[in-house]
Every structure is written in structure tokens, then in C-alpha cells.
Amino acid sequence: MAGLIILAFFVLVAILAPILISPESLDVTKATGERFDPPSLAYPLGTDEDGRSILLLLAYGTRISLTVGLAATLISMVIGTAVGIMAGHFRGAGSHALVGVTDWFLVIPFLPLAIVLATVLGPSTLNLIIVIGITSWAGTARLIRAQTLSIEGRPYIERSKALGAGNWHQMTRHVLPNVFPLVLANTTLTVAIVILSETTLSFLGLGDPLAPSWGAILDSAFSTGAVSQGAWWYVLPPGICVVLVVLAFTLVGRAMERIMEGRT
Amino acid sequence: MIRRLIAGVAAATIVAVPAAAVPHAQAADPVVFTVGILSDIDSLNPFTGILAESYEMFQLQYATLLSTSSVDFTPDAGLAESWETSADGKTWTYTLRPDLVWSDGTPLTANDVVYTFNRILEGRYEQRNYGNYVRNITSVTAPDDRTVVMTTKVPSPIMERLAVYILPEHVWSGVDAKAVKSFANEPAEGETLVGSGPFLVVERRTGQFIRMVANDNYFKGRPQVDELVFRIYNNPDALGQALIKGEIDFASGLTADVFSTLEGQEGITTYAGSYSGFNELAFNMGAALVDGTPIGDGNPHMQDQRVRLAISHAIDRQQLVDKILDGYGTPGATIIPPTYSTLHIDPGTQTYDPALANQILDEAGYAMGPDGVRIGPDGVPMKYRLFVRTDSDSSVKSGEYFKSYLAAIGIEADIKPVDENALFEIIGRGEFDMFEWGWVVEPDPDYQLSTFTCGKRSYEDGGEVYADLSDSFFCDPEYDALYAAQSEETDQAARAEIVKQMQQIIYDNVAYVVTYYYDNLEAYRSDRFTGFVGQPEGSGSLLFQYGTYSYENVEPISADTGGEESSASASASPGASESADAGGSTAAEETSGGSNTGLIIGLVIAALVIIGLVIALVRMRSKSTEDMKE
Amino acid sequence: MSLLQEVAVGEPDPIRPRRVTGPTARIVAGKILRAVVTLAFVVVFNFFLFRLLPGDPIGLYTRGRNMDPEQIAALREELNRPIWEQFFAYIRNPFDPGIDSTRFSQPVWELIGERVWPTVLLLGTAIVIATIVGIWIGIRAGWKPGSRFDKVSTGTTLTLYSMPEFWLGMMLLIVLGVGAFGLPGFFPVGGIASPGVDTSTPAGWLNVLWHMFLPCLTLTLIYLADYSLVMRASLIDERKSEYLMLARAKGLRDVMVRKRHAVPNALLPTITLIFLSLGFVVTGAITVETVFSWPGLGLLTYEALRGPDIPLLQATFLLFSIAVIGANLIAELLYVIIDPRVRQ
């Protein structure tokens, strides 16, 4: 429940950010504050190295972080579900290949792989989404495959097979609806992980440096020496946002799981 | 293997090494001057290293024929005390100082100079760093031990700027053309590298430090400090902290943030010295090959001088200095920085004036469109790609500022962050509209000026287009004629006049918007050392100069506090303690770092496991009693 | 990326027996073969991916240097060998000691050799402490789910789990290293040892430990969050199993049941999962080493990607992959040997 409230709050901020904040206030050439001002009435969370309000940056960053998080999760889920169902449904070499690829992605360490991909693609928000999407689907695929295998063993699928239903029909009409609740629960947990990944990659400078996602804000803080100057107001708030959102998604995901377990 | 090779060479040729290896024992504690730097050197081999830090080592280790004055960057005496050129300007005669000797006592003669230059002239690999200096030279001879005569194809002022490190033939003749590529040029354990500069390398630990000792045989006299240590720090914060704590005496290449925190600290003097670098916003003025064949896909608007002029007026250079450099720099003007006062000009006409910029564009027929973006006379909106370098935080930051400045005059900039490697290729192929980058300008302006000549545009080789030095694709016959004239003008004053005209041409054509000249931010323990010499005197950098003036002149502050302070800094020196354990076999030397660390790891993990087990056992026992009570 | 996801979703444990038949040797050989194939894919992927990169390294190298065009052309010649030739040269020895890092102008192999030990030291220590503490917390929380200890510890570990590890590091650095909120900065702001300290003496070791404290604390907290959640989950699973009910029904004391049966059984999957989680450990190493300027492989990776320094990036990626694939293989083999159910 707490998770849902937190999420609702952040989603609201993300939607309202462009309405509440004029682009002027994020324009570096028109920034009014001093460099690294500590929190004050005018700047409740202090200012960054350009004299911009960190509170406003953060609000705008919510938009970017959530967008990247949801978009990358979507890619991850689509790939994961498709690969999982196909690997579970088909037999033979094709299925083996899919399982092999899934295992490969599971074994390869996530961050080094993402770094390599992001380096090759170049820094931009879209590339970041793609990179996270294609490095985070494997867990879902394995899960869905296992579920598909168990569903396909059920009698009514056997029957529809016997009645000559095509592969496509079986997969979309029978398997997909049955694995969907699982996909949903997995999605919320994946969003949490994807947002963490986004933060990490942006911190390493692999996102669009001009789009102030939470990770990118932390990157600026780190590279402009906020740490050595003790400018905690530049570091603390973005991290708290990440923790809250990730925690919220995790809690919601776990709750959904419990509900599903109760049902089965 | 490489190390053994040096050891072999050294053992065969050097006689009195141990004496030089031990720092001079005038006092119980040697005076150690420790400099903190942010990047390790890439090589001590002057044919291999390219980083600024490496060049600093080279010039400390090896003297050059002529030097660059600390006062105003004019050519000055080096190993040669005098030099003259023939009437046709094609024959140059250098007379070496009398009684020059290498640090190992071997006489340094004209033969060493001839050896070094011939090695570069004949070598392939050796030309990498010095090709430009020798391209014009046809012969180098030594009529006697103190005279070097060079002949050239055409007269050239570069003959007074030969920044070629003269190497000891008796050492380097043992390193053949093949071996030189992988030659580390590091001293064997307990020995010094043979050289002719003020300091000599005695020890290098990759990623940690480079230790040098004063050269007794230095021709300008032995430096005031006994040891010079360069310590490597991973980030500017650590560098600043090290200075505060007194681990180092001098910090070079600080960031503005750290520099500000050091200001006003007791015992520390901060110094923002003018530097010879600038950053610019460059335009694609019509990308083409050397033969004029157009390449790339640059927006033709960029070829309109009025558009570039408008952009120049739209950029608030002062704000960039204030915000990006935190005030440590000066607004930009021309491609020769003001630190070269004899060459630099500042026309001062392209002021920050967005209203004027808008007016220029209005008059040029770039009418404002409905969405706030102007439309060119060709019907194409003024939307341009602007590349910034992900390698540099300030470049990315500049992009943000440019975007806003340009938006104010109806131009939409699409900021594209790429790494320098990729950008170099993009520029070479002309696939850009604008980009942000910078240059560091040498005292001799030839190289910098050449980047705007027609002949330095991209070229084709085997079907591939490659970048040369030109990144603006500026091409102007008048400029090229002036370039040719200055490159053969051996009278410095007359040449300066030509160079000024050339700067004016670039400025008026707005080939670059030079955004700022940045300062070199340095800080030092003024409670311990004094005697630093700026280049140019009074305003320029204290270290990382064209020369080694500060190193030669720096001295401990006074006898009584000096003793105390220097012992403090001596304890921060790696010298004494580490040379003690290094007396073993050569094989141990390679791995000593690793085995030590391995040992530590083993011990730490063992200790932690034991602690963990004890805690776990204790907890379990108390737990089980607790459980039984339940 | 994380262990938690796998366990939390309640998926069949990955190393739990898949229906494998046949003698142990065959299973072992099969697993080794799979690891080798996985690795081979990494090598191929590593080579071809980087060929896609735009860039003119030779051009950049020569920018600002005094070089003749002929010289530059000659340099290019060396680089522009046919792709197959390059590929075979690469697979013959991906860790060719002759390949130089473009950033450090030093052989990649040498750089890695220097940086590997600090990473082993930092990660080794963090993993050992995190395992001990994490498992202990997991046992306490998992044996009595819903107890106060469980609520507090699960809340804390879930929060830690939601944290970007580098952010935790930055905060610790500000508060305990630089000093904020009135606290003096006690710990060093970065590096592995104070300059000039001889790390081969006992004083030097202390100095290293002092430098290691904050990065190690950061990693330990993050790792133990995961480990304790995993241990808790598997202990809860174990509690439900029939033999435990039976044991308790037979009147065995609670503490005996826990120590003799439940914990050892729950420990096996947890320890194996810790091995399998090396990929997750690596993530922490890269960012936390960066924050604390800890001169290990993680910082090296960060330095390599700011450039980017392709030969170095390739080598670190390969090395991390080998480490993780190797750890996976060990975990699977251990399982085959320890757990008789796999052999059936």
C-alpha cells in the first residue's frame, strides 16, 4: 500500500513536471543561484554547479528516470515473454538455441555487458533504454519458459493441439493469457531493477549527459566535486528518490506475488 | 626483458653510478620537492610518450639545443650558448657550451646532438614525436666537439625551436631501431637514468610515483632541492587533500572546485597562471578534400559568414568563463592565446550582443519561423548538429550553454555527445555542422596556423577519407600565402606581424568562435618552498612550462623551519623505505608489488574469517541458551 | 542483476536438479563444455562488437603532434589489416601482452596485472563479511518470519537492496570521509594507501585497511542485503518441508531442528547462489571503486570507458566474463558433488 502511494506521488511529479517547471529555470545560462548553495528558502534543496535549483532538477529527473525505467522494462518484457513462450512451446534446435541465448545473457555479468553495448551505441537516452532492455530480459524469459512448459502440459492445450490449432494460435490464445499474471508480477520487480540499472549507467556517464535523470544528477555531483565540498544536498536527494521508487516497485511486486500464490 | 637490457647497457657503460644514485648528503635529510599530478606518464622513452606529464619528465631529464625564454617565450640558449644562420637562412650553426658533461661524467659533445638528430632523420618510429622538426633538415654534422651545423631545404624559424631532447649516444646506441619501440627507458634498480637536464629519474612505480634526483652536472648549476618526486593522484579532490595534509608541496592541474577550497588555507598559495590553451566552437565551413572535392553533409548555412558572425555575437564568453571555468580564465578572441603577448591580438569586435545577432540574421534573410526557429533563404530551418566531447565534462557543459545561446537567436542546436575518437572521424568526413574542442598552442605558432590552410583539409587514401589537421575546412589563398611567408621568415618581429594578420583573417571569417583561454590552476606549500618562476614571468604557469625554470630555482623556505618541514616531506617520500627492500634479485623486482599485496590480502581475509567465526560462535552459543530459555 | 529477483519470484532454483541422468563424469563434462561454449561466444562477441565502433584512433593520436602524413599513412597501414586476419589474431590470444591501452600507452595485460589484486582484496573481504553477517541475519529472520527482528531486518535489507551502491558510497564518503553534519572526516577520501606509505610493513597494512574501510563497508552492506534476503527465503522454504514438520512432531527441540537440519539444508542453495552472484558483485566493484578511487579493475573499467579505451575495455569485459563464468561453473560442479539428488 505504501508502495502504491509512493509510486502515485512520483508518477504525478513526472506528469506535472513540465507544467510546474518552466524550461527557463533549468536553463544553465539563466540560472540565478550561486554555485553549490546550501539549502535555503529560495532553493529548498540547494543549487548545483551552475546555480540551478536541485529540487527542480530532481522533479524533472523523475520524468526521465521513470520514462527510461518503464520503456526499458517494456522492451525487456516483450523480449523475455516472446523468447520464453517460444522456447517453451517449440521443440528441437530452435528451442535449444533460444535457451542457449537466454543462458548466455544470464551468465554474462550485467554491468560490463551494458557498458560495452552503451559504448558502442553512444550516449543517448534512447540507446540507454535499448541497452538496459536487451540486457535484462533473460531472467523473465527463463521464468516464462518454465511456466509455458507447465501450461502446455495441461489437458486442454493437448486437446487444442489434437484439434490442429497452429503454433501461433496456441501461443497467443492459450499460453499467453495463462502466463500473463506472472508477466505482470515480474514486470514490477523488473522495473525496480531497471531503474537501478539506469541510475548506475547514467552515473558512469553512459546516458544522455544533457538529460538530468537521477543517475545523471549523481554523475554531475560526482564529477564536479560535490563530494569533496561536502555538498550533501546535491547527492542525498537523488539517491533517496531512487531508493523510494525502487523500494516501492519491489514492495508492490512482492505483494502481487503473494496474491498470486494465494490464488494458485 | 626490457629492464634487463637497460641494466646491461648501464652496467657496461656507466662507471660512477652509485654516487649519483644516493641523494646528496649535505644534510642528514635530503630536501624533497613533491609534486602531485593527475595522470601517470605513459612512457619515459622520449620517442614513445605523448602525454604532457611525460614531456615534463623528458625536459627535466634531457636538455635541448635551444630553450624557450621564461620571460616571453623567445628562443634562448640551451645546450647551445649561441647560434647563427647563414645569409640565405639555410645553414644553421650552433655552438655548445664549453665542458658539457652527462650526469654519469661522460662528456656531452656535438656528436651526441648529431647522433640524436640523425636517429630521428633515419628512423621511422623516432619521427613520431619529432617529425615536424626535422622535415626541413637535410644534414646535421659536427665539425668539432662544440659545433653543430645543420642545413635545411628552405629557411625556417623552426630551427630556433627544435624541441628535440638530446640523448646520450653511449646509452642509446645500444637500443636499435626495433628495440626502441618497446624500450621503457627506466633506470635499473638503484641507478639513475643518464641525462643532461636538472633532474634525473631514479625510480618509477607505475600509477604511483616518479622519483628524480638533482643532477650535479647540470650546466646551469645543481638545483636547490635534492629530490623531485611526482606523485600520481586519481582525482583532483585527492590532490587537493594531499596538499592540505602536506603529502605534496605542489599541486598541478587542479579543477576550479578544488582550487577554491584551497584558497586561504594556511601555508598554501593558490596560483591561476595563464596557459597556452583555448577552447572553441568550430563550424563546418564547407568540408572538402585537399583538391577541393566536397565531402560530408554539413548544412550550407554554416558557409555563410553572417550566420557564423551572428552565432559569435550570441555567445556570452564572459559567462562561460564565469560558469564553466569558475572565473579562472579569460574570454576568447583569436587562435593565439594572450600568454604569447608578442603574437596575440584581440580585435574585440565580436561582443556578446544577441540583439545584434538577431539583426544580422534578419538582414541576411533568415526569417523567424513560427516555432521560434529561423528559416534560411533556402527554406531550410536553422537546425544544426553540435557535437560535444564526452571525454570532457566542460565540453558537455558548454554544449548546454551553446544550446541556450543559440535558441535565443532562433537557432536550434541538436547537442550530440560523442567521444573524441569518434568526433575526430566525424570531423574528418565533414559530417557535422558545429563542434566544441580545443587546442594547446606551442610557442612557435606554425603548427596552429597550419590547421587553417587549404592543404590540411581531409585526404583520401585507398577509398577512405581521413582527417588531417583542418577541422574548420577554412580555405583562403590569401591566408595560405601569409602562412608560407611566416614559415620562412626568420626575423621574429617581422614574423609576428604576419601572424597577427593571419589571426585577424580567421577572426573576421569566424572560422572559430574562440570561447575562452583557460588558466592552469596550481597551488603550493608556500610555507615550505619559494622561488618559483612563471612563464611568462609574473602571470604564466609555474610548472608544465616550455622549460624547467621553477624546478631549477625552487628552494626550501629557510634553514630552521626548512629542516623540520623538509623532514616532514621526506617522510612522505617513497625513497628511503622502499629502496631498502628492493635490493634483492631482479625477478623479485617485477613481482614485489604483487606479492606484497597478495600477502596483505591473504592476511586480511584470514583475519576477517577468524573474527567472523569467533563472532558467529559466540552468537550461536548465546543464541542457543536464549532458545533453551524459551 | 540480482539474486533477489530469482528467489523472490519463487522460481525453481536454477541449480536445483534439472532432470539429468547419467554418471557424474558426464554431467561434469557437459557443464564444463557449456562454460567453454559460453566463453567462446563472449570472445567472438567482444571482437565483432567493437569493430562496429566509429572512430579514427590513429587520427586522434596524431592530432596535435608533429607527424608527417606518410607516417600517419604507415600507422594506418598497420591497423587496416583484413578483418579475418585481425579476428584470428584476436582469438589466438585475446590477452595478447603486446596490445597497448590507448589511454595508458602500456600493455593491457600489465595494467590488469597491477589492478587485479586491490579488487580481489576489496571484494574478497566484503564478500566474506557479507556472507557471514548476511547469513546470520537471514537465519534469524527466516526462522521466525514476522518476528520483530524479521520485520526490522527485512525492512533494512530491502532498503539497502534498493540503493545504488555508489550512492551509498558517496554518502558515506561525504559524512565519514569529508565530514558533514558536524562530523569530522575521519576516513580518507580515496585511494588504497597514503602516499609514501610502504605497504609491505605492518603500519602499511593498517593504512590500507584504513583506506579500505569505507569502500568495504559500502559493498558489505549492499551484498549482505542480498545474501540475507536469499538465506531468509530459502530457510522459510525449508521450514515448510515435511521432514521438518516430522522432526518437530517427534519432539526434537526447536534449536536442534534449526541447527541440524534446516540451516544446513538452506545454506547449500544460499552459498551456491552467492557464487552465482558474482556478476552482481562485479557491478558493485565498478561503481564503488570509482567513487573511492580504489585502484582496482572496477576503476580501470571506468577509466577505460571514459575515452573510450577499446583494447582495455575489451580486456576488462573478457576478464569479468571469465571470472563470472568460472564462478558459475564452480557453483554448479559443487552442487553436483555435494547434492546427491543431482546425480540420481
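Here are some exercises with worked solutions on a predicted model with chains A, B and C.

## Exercise 1: Getting to know the chains

Find out how many helices and strands each chain has, and what share of its residues is buried.

Step 1. Start with chain A, which holds 10 helices and zero strands. Read from the N terminus, its elements run α-α-α-α-α-α-α-α-α-α. Buried residues make up 54% of its 264 residues, and its C-alpha trace spans about 75 × 40 × 30 Å along the principal axes.

Step 2. Go on to chain B. Here you will find 20 helices and 23 strands. Of the 630 residues of chain B, 53% count as buried.

Step 3. Finish with chain C, whose secondary structure comes to 15 helices and zero strands. In chain C, 49% of the 344 residues count as buried.

Step 4. Now look at contacts with a sequence separation of 6 or more. Residues 24 or more positions apart account for 71% of them in chain A and for 72% in chain C. In chain B, 68% of the contacts between residues at least 6 apart join residues at least 24 apart.

## Exercise 2: Checking the length of two helices

Compare the expected span of a helix with the distance between its ends, for helix 3 of chain A and helix 16 of chain B.

Step 1. Helix 3 of chain A covers residues 93-107, which makes 15 residues. At 1.5 Å a residue it should span 21 Å, and its end C-alpha atoms are 21 Å apart, so the two values agree. The buried residues of this helix are L98(A), T102(A), F105(A) and V107(A).

Step 2. Helix 16 of chain B covers residues 492-509, which makes 18 residues. The expected span is 26 Å, and the end C-alpha atoms lie 26 Å apart, which agrees too.

## Exercise 3: The buried face of a helix

Work out how the buried residues of helix 16 of chain B are arranged and what they pack against.

Step 1. List the buried residues: R495(B), V499(B), M502(B), Q503(B), I506(B) and Y507(B).

Step 2. Look down the helix axis. These buried residues fall within an arc of 140°, so they line one face of helix 16 of chain B.

Step 3. Recall a general point about helices. An α-helix has 3.6 residues a turn, so residues three or four places apart point the same way.

Step 4. Turn to the other side of helix 16 of chain B, where A493(B) and A494(B) are exposed.

Step 5. Name the partners. The buried residues pack against helix 14 (446-450), helix 15 (477-487) and strand 21 (512-525) of chain B.

Step 6. Look just past the end of the helix, where V510(B) takes a positive phi of about 50°.

## Exercise 4: Backbone surprises in the loops of chain B

Locate F73(B), F544(B) and P536(B), and describe the backbone there.

Step 1. Keep the usual case in mind. Most residues other than glycine have a negative phi, and most peptide bonds are trans.

Step 2. F73(B) sits in the loop between strand 2 (66-68) and strand 3 (75-77) of chain B. Its phi is positive, about 70°, although F73(B) is not a glycine. With 24 other C-beta atoms within 10 Å, F73(B) is buried.

Step 3. F544(B) is in the loop between strand 22 and helix 17 of chain B. Phi of F544(B) is near 55°, again a positive value in a residue other than glycine. F544(B) has 20 other C-beta atoms within 10 Å, so this residue counts as buried.

Step 4. P536(B) lies in the loop between strand 22 (529-530) and helix 17 (549-553) of chain B. The peptide bond from Q535(B) to P536(B) is cis, with omega near -5°.

## Exercise 5: Where chain C meets chain A

Describe the side of chain C that touches chain A, then look at a helix crossing within chain C.

Step 1. Count the residues: 49 of chain C are in contact with 42 of chain A.

Step 2. Find the elements. Those of chain C that give two or more residues to this side include helix 2 (24-51), helix 8 (165-179) and helix 14 (310-338).

Step 3. Sort by class. The side of chain C that touches chain A has 32 nonpolar, 14 polar and three charged residues.

Step 4. Move to helix 6 (residues 108-143) and helix 9 (residues 202-240) of chain C, whose axes come within 6 Å and cross at roughly 35°. Helix 6 of chain C passes helix 9 of chain C in a right-handed crossing. The residues of this contact divide into 22 nonpolar, seven polar and one charged.

How values were computed. Residues numbered from 1 in each chain as written. Chains lettered and ligands numbered in written order. Predicted model: local features only at pLDDT ≥ 70, side-chain atom pairs only at ≥ 80, totals over all residues. Helix = DSSP H or I, 4+ residues; strand = E, 2+ residues; numbered from the N terminus. Expected span 1.5 Å × (residues − 1). Buried ≥ 20, exposed ≤ 12 C-beta atoms within 10 Å, placed from the backbone. Arc of directions from axis to C-beta. Contact = placed C-beta atoms within 7 Å. Nonpolar A, V, L, I, M, F, W, Y, C, P; charged D, E, K, R; others polar. Axes fitted to C-alpha atoms, helices over the stretch in contact; angles between N-to-C directions. Left-handed = near helix turned anticlockwise from the far one by under 90°.
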